[in-house]
Amino acid sequence: MKIVFATNNANKVKEIQALMPDTIQLVSLSDIGCHEDIPETANTIEGNAIQKANYITEKYGYDCFADDTGLEVDALHGEPGVDSAHYAGPQRNAADNMDKLLKNLEDQSHRKAQFKTVIALNLKGKQHLFTGIAKGKITAKKTGEKGFGYDPIFQPEGFSETFAELTLEQKGQISHRGKATKQLIDFLHYDQ
């Protein structure tokens, strides 16, 4: 089975393709001739995932799935949340985003946080949503070279390492995106 993954983020494609069985092949946006930035103007993570999936289905006619992810920090009342990618500004710079978050948490001892991923699947004229959550905490400093985004400052529950210190396989087993993707894979297998 081939299915379009509505993202321009090469890191996400790599992470999700690593979780997919050989029977499911991801088709990129460039493969279908989509080179524009897909709007992400909803005020929720679910809304952005739905918006991106609907954009591809309506404009290009493909069954597809799209995801959106946010980091929700308790002490900051859920920030950065839906604004995670551009928390420090429109430049969407991961280092800037982490620096701003660490600064905002400087005097906080309560550092609980969670990553939330929602995948919206448009398949055979119906839409299905899958949600994955990874609970953990924000570390005091950046650690690790792997991963992307906020991975160097997010320590998942039950681990002494950050996401950026884990292998792609380890992260895929416990991450928000990994959990949502497993639900998607199970659904696609069942639906065939």
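A pocket is taken here as an open set of grid points with protein on both sides within 12 Å along at least five of seven lines, and its lining residues are those with an atom within 4 Å of a point. In this predicted model, the largest pocket is lined by 34 residues, of which N9, K12, E40, A85 and R92 lie nearest its centre. The volume of the largest pocket is about 840 Å³, and the residues of its lining divide into eleven nonpolar, 13 polar and ten charged. Five elements, α1 (10–19), α2 (45–60), β3 (64–73), α3 (94–104) and α5 (176–191), each supply at least two residues of this lining, and the largest share, four residues, comes from β3.

The second largest pocket holds about 180 Å³ of space. Its lining consists of N11, K14, E15, K146, G147, F148, F163, L166, T167, L168 and K171, a set that divides into four nonpolar, three polar and four charged residues. Both α1 and α4 (168–174) supply at least two residues of the lining of the second largest pocket, with α1 giving the most, namely three residues. Helix α1 thus recurs in the description of the largest pocket, to whose lining it supplies at least two residues.

F163, one of the residues lining the second largest pocket, also takes part in the aromatic contacts of the model. The count of aromatic pairs comes to five. Among them is the pair formed by F154 and F163, which is tilted, with 5.1 Å from centre to centre and 45° between the planes. Both F154 and F163 are buried, and together with F115 these two residues form one aromatic cluster. A further arrangement that involves an aromatic ring is found at Y87, where K100 lies over the face of the ring at 4.4 Å from the ring centre.

Strand β3, which gives the largest share of the lining of the largest pocket, also contains T69. This residue is classed as buried because its relative accessible area is 16%, a value to be set against the cut-off of under 20%. The side chain of T69 is engaged in polar contacts with the side chains of two residues, T117 at 2.7 Å and R177 at 3.1 Å.

Key
Residues are numbered from 1 along each chain as its sequence is written. This is a predicted model: local features need pLDDT of at least 70, side-chain atom pairs count only at pLDDT 80 or more; totals for chains, interfaces and linings use all residues. Side-chain values use heavy atoms; hydrogens and water are left out. Rings of Phe, Tyr and Trp (its six-membered ring) pair if their centres lie within 6.5 Å; planes under 30 degrees apart count as stacked, over 60 as edge-to-face and the rest as tilted. Buried means under 20% relative accessible area, exposed over 50%, partly exposed in between (1.4 Å probe, protein chains only). A charge sits over a ring if NZ of Lys or CZ of Arg is within 6 Å of the ring centre and within 35 degrees of the ring normal. On a 1 Å grid over the protein atoms alone, a cavity is a set of points where a 1.4 Å probe fits but cannot get out, and a pocket is an open set with protein on both sides within 12 Å along at least five of seven lines; lining residues have an atom within 4 Å of a point. Grid points are joined across faces, edges and corners, and a volume is the space filled by probe spheres set on the points. Ala, Val, Leu, Ile, Met, Phe, Trp, Tyr, Cys and Pro count as nonpolar, Asp, Glu, Lys and Arg as charged, and the others, Gly among them, as polar. A polar contact is a pair of N or O atoms within 3.5 Å; within protein, one must be able to donate a hydrogen and the other to accept it, and residues adjacent in sequence count only if both atoms are side-chain atoms.
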